[in-house]
Amino acid sequence: MTSSPLPVTLATEQARTRLHELTVIDVRTPAEYASGHLPGALNIPLDHVRRALPEIRHASEQGDVLVVCASGARSGNACKLLSEQGIPTATLAGGTGAWAADGHDLHRPAACDTRAGWSMERQVRFTAGTAVLLGLLLGLLVHPALLLISAGIAGGPVFSALTNTCGMAAVLGKLPHNRPRAADIDAALAALRSR
C-alpha cells in the first residue's frame, strides 16, 4: 500500500479525484459490468476474488485498490475478505449507482463486445416476482398447497435484509450470462499483474 492508506470507504468525489492513481476492481457480474462501470475498472466477480488474491495483492503493493459493486454491499464483502488476507482495500460509498447519480460517467464496452444485461438487483426482482405470480397461479388452478411457493419467495427478501446476503442473487450469478468468460478473467488478472 502507498504511504497514505485509503480509508475503508471513499465518497464518489474522493474516488473521482484519485481515479487515475487507483486500481479499481468491479466485483459485479460480467453482465452488470458490461452495463456500465467506472473508467478503467477491471471485472473480477465476487466469486472469483479468492482466485485473484495473488494479483490483487500485487496491485495493492503498487498502489491503492478500490473495490466497487452496484451499491457497496458486495464490494464491502470483498474488502472484508481481502482484509482477512492482509490486502488493504477500500470500497466506493454507494457503488456505481452513487457514481452515476453524482453525474460521473460510466464506461461501457463497444457494441460488438458487449454482454450488457440486467443488473443483479433487477434479475432478482424479476425472478422473485415471476415465482410469486407462478405460485399464486398454481395455488389457484392446481392445488392450494402450491401457494407455499409464493410464501417461501416472500420470505426471501426478509432473510436477505436481515443477513445482508441474497441467495437468489448467488444462484442467478451462476447462470451463463452472469459468468465471466475465461478470457475475460485472464485478461483482468494479467492487467493486475502488470500494475
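This report describes the overall make-up of a predicted protein model, then strand S4 and its partners, then residue Glu-55.

## Overall make-up

The protein chain contains nine helices and five strands. In sequence order these elements follow the pattern β-α-β-α-β-α-β-α-β-α-α-α-α-α. Strands and helices thus alternate at the start of that pattern, and the pattern ends in a run of helices.

The C-alpha trace spans about 65 × 40 × 35 Å along its principal axes. The protein chain has 195 residues, of which 38% count as buried. Its exposed area is about 10,200 Å², with 63% supplied by carbon and sulfur atoms. Among contacts with a separation of 6 or more, 70% are between residues 24 or more positions apart.

## Strand S4

Strand S4 covers residues 65-68. Its side chains point in two directions: Val-65 and Val-67 one way, Leu-66 and Val-68 the other way. Residues on both faces are buried.

## Partners of S4

Which strands are joined to S4 by bridges? One is S2, residues 23-26, which runs parallel to S4 and is joined to it by four bridges. Within this pairing, Asp-26 has Val-68 as its bridge partner in S4. Val-68 is also one of the buried residues of the strand.

Another is S5, residues 90-92, which is likewise parallel to S4 and is joined to it by two bridges. Here Val-67 of S4 stands opposite Thr-91 of S5. Between S4 and S5 the chain passes through helix H4, residues 73-84, and the resulting β-α-β crossover is right-handed.

## Glu-55 in helix H3

Helix H3 covers residues 53-62 and includes Glu-55. Is Glu-55 buried or exposed? The relative accessible area of Glu-55 is 10%, and the cut-off for buried is under 20%, so Glu-55 counts as buried.

Leaving aside residues up to four places away in sequence, Glu-55 touches Leu-189, Leu-192 and Arg-193. With Arg-193 there is also a polar contact, side chain to side chain, at 2.6 Å. The surroundings of this glutamate therefore include two leucines as well as the arginine, and its relative accessible area is 10%.

Notes. Residues numbered from 1 in each chain as written. Predicted model: local features only at pLDDT ≥ 70, side-chain atom pairs only at ≥ 80, totals over all residues. Heavy atoms only, no water. Buried < 20%, exposed > 50% of the residue type's maximum accessible area, 1.4 Å probe, protein only. Pairing = 2+ DSSP bridges. Right-handed = clockwise from strand over helix to strand, strands pointing away. Polar contact = N/O pair within 3.5 Å; in protein donor to acceptor, adjacent residues only side chain to side chain. Contact = heavy atoms within 4.5 Å. Areas by Shrake-Rupley, 256 points an atom, 1.4 Å probe, with all protein chains shown as cover.
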